[in-house]
Amino acid sequence: MTKEAIGEQFEIAKKRCMGVIERVSKLPYSSTNKITVSCQRTLLKLASSELNFLSRSTHLLTLPSVNIGHIEAVVHILQQPFITGVSRVCKPIPFSSTTGSGQKCTSFAAKGVHVDVVCTLNRNPVWIIVSDRNPKYISWNESRKSKGLKSRIEQVLAAARSCVALKPSSIILFFSNGLNSVIYEKLRVEFGAAESGLEFYVFDFDFSEDLEGWVSVLARTYREASVLEIKVNETNCAVSNSDLVEDEFLEAAGQGFAKDDYMEHKMDNSFLSLISRMMFCSLDVENVGSTTPRNPLGECDSINFDTTALIALVSGISNGASEKLLATPEAELRQRFKGNYDFVLGQVMSEIENPIHVELGSVISGKRGIICQSVCSEFKELVSMCGGPNEKRRADQLLGCLMVAPDCPSERMMNLPTTRKLAMKNKIVFGTGDHWRAPTLTANMAFVRAISQTGMSLFTIGHRPRALTGD
């Protein structure tokens, strides 16, 4: 290969690195629940390291082995719309020396196993392993040059089954360049791997600006990609085996959710318009008492509300009182809200610029709303103490169309240590949503960040806070 050709390869590789850096910088994070700032920082560091390595190696006679293809594949996965709640990328998952049951972890689990993406997929926590290798060089058994795919899958599965808090429902294997039939069959027979059915985008583009405008300089196709899924457990961990839980759901279902109960108020406002868009589906009460696990919520697409979300929906600030508050003398407002004056005023300005009912409309439309008993009790108490007559009426209307579930936090949530940042109260609320595989709508982003720092992927949807105003 000529010196010019080698130089051209270096330039293409460096452009790929710069393209990845730009794409990672544009990945959504924070309130969109797509990817954390920490994950974004990790990817930027990896891509920058590759770019620096290439810049230092231009004197070589051949292009060295680089990992930019692997990073590209990881970013490609993160850009898929069905990937949410990304809590960890391209890092080993640490484990304590014992599991929640007190059993000793294996030596590799104590050191951690490398997982490319820890996220939520279709409301379930998953680990994603990415391979960008040429299918011809993917070996099954361990050799002098490779640990072997079989050994790695065994380690990842053992780690996934050994630690409760970070336990995924399945392992997703993404082979960006495809997989030969021999390896595919071994994965199917020995690990029960099956086609995942996920519809990834086939093409991936990077753009660059030249004299004629923005043009595609690098285009990568994932047309040959193979995506397999290995179930960690065969049972559905989102289903409770407790007859008490099921009975309480069925009792709530028997009470019914009649829209006319609150639509009769004939009030044309955004609040009633918003809650009328929630789904009023009946529970699947067939085969009650069956030994086959099932979700009492049926096939409804559910959303779990925490107390902050309920208050945001019924707050006077969200329901037309913003202008009235702005017209109130500052001295009166300071006397009324005491040290919370600036906090409330900030919410008022935020509401005028971007009404929260509009923001939440697309989030809860067509969803079945659930709350746990702890949230129901806390919400009623707060509204009783701080809510005005209109806020109290809206609270009654809202509770009338929500399913009240017993407190039943997921095992993995309760396996996390209870700390100041991971308070038991919040673990119960978010854990109940996790139990039913329903995302939790919340303004409590401090708890969301604390969960993410543990490495656990939790499906949450953030919203801006609102306060009760006595309206």
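Four cavities of 30 Å³ or more were counted in the predicted model, where a cavity is a set of points on a 1 Å grid over the protein atoms alone at which a 1.4 Å probe fits but cannot get out, and lining residues have an atom within 4 Å of a point. Grid points are joined across faces, edges and corners, and a volume is the space filled by probe spheres set on the points. The largest cavity has a volume of about 70 Å³, and of the 15 residues that line it, the closest to its centre are R123, D434, A438, L458 and F459. The elements that give two or more residues to this lining are β3 and α18 (424-435), with α18 giving the most, three residues. Helices (H or I, at least four residues) and strands (E, at least two) are DSSP runs, numbered from the N terminus. By class, the lining of the largest cavity has six nonpolar, five polar and four charged residues; Ala, Val, Leu, Ile, Met, Phe, Trp, Tyr, Cys and Pro count as nonpolar, Asp, Glu, Lys and Arg as charged, and the others, Gly among them, as polar.

Because the model is predicted, local features need pLDDT of at least 70 and side-chain atom pairs count only at pLDDT 80 or more, whereas totals for chains, interfaces and linings use all residues. Residues are numbered from 1 along each chain as its sequence is written, and side-chain values use heavy atoms, with hydrogens and water left out.The strand β3 (residues 124-131) belongs to an open sheet of six strands in the order β1-β2-β3-β4-β8-β5, with mixed pairing; two strands pair if DSSP finds at least two bridges between them. The edge strands are β1 (83-93) and β5, each of which pairs on one side only. Seven of the eight residues of β3 are buried, so this strand is largely enclosed by the rest of the structure; buried means under 20% relative accessible area, exposed over 50% and partly exposed in between, with a 1.4 Å probe and protein chains only. On one side, β3 runs antiparallel to strand β2 (residues 113-121), to which five bridges join it, and T120 stands opposite P125 of β3. The hairpin of β2 and β3 has two residues between the strands, and N122 takes a positive phi near 55 degrees there. With strand β4 (residues 170-175), β3 runs parallel and shares six bridges, including the one in which S131 has F175 of β4 as its partner.

The strands β3 and β4, together with helix α5 (residues 149-162), make a right-handed β-α-β unit, a crossover being right-handed if, with the strands pointing away from the viewer, the path from the first strand over the helix to the second runs clockwise. The end C-alpha atoms of α5 are 20 Å apart, which agrees with the 20 Å that its 14 residues should span at 1.5 Å a residue, the expected span being 1.5 Å times one less than the number of residues. Within α5, the residues L149, I153, V156, L157, A159, A160 and S162 are buried. For A160, a relative accessible area of 0% places the residue in the buried class. A160 also lies 9.8 Å from N233 in space, C-alpha to C-alpha, although the two are 73 residues apart in sequence.

Beyond β4, the sheet continues with strand β8 (residues 226-231), which is mostly covered, five of its six residues being buried. β4 and β8 pair in the antiparallel sense over six bridges, and the bridge partner of S170 in β8 is K231. Strand β5 (residues 194-195) is joined to β8 by two bridges, again in an antiparallel arrangement, with E195 standing opposite L228 of β8.

The largest pocket encloses about 1,000 Å³ of space, a pocket being an open set of grid points with protein on both sides within 12 Å along at least five of seven lines. Of the 34 residues that line the largest pocket, the closest to its centre are H70, H114, V130, R133 and R152. The elements that give two or more residues to this lining are α2 (37-56), α3 (68-78), β2, β3, α5 and β4, and the largest share, five residues, comes from α5. By class, the lining of the largest pocket has 16 nonpolar, eleven polar and seven charged residues.
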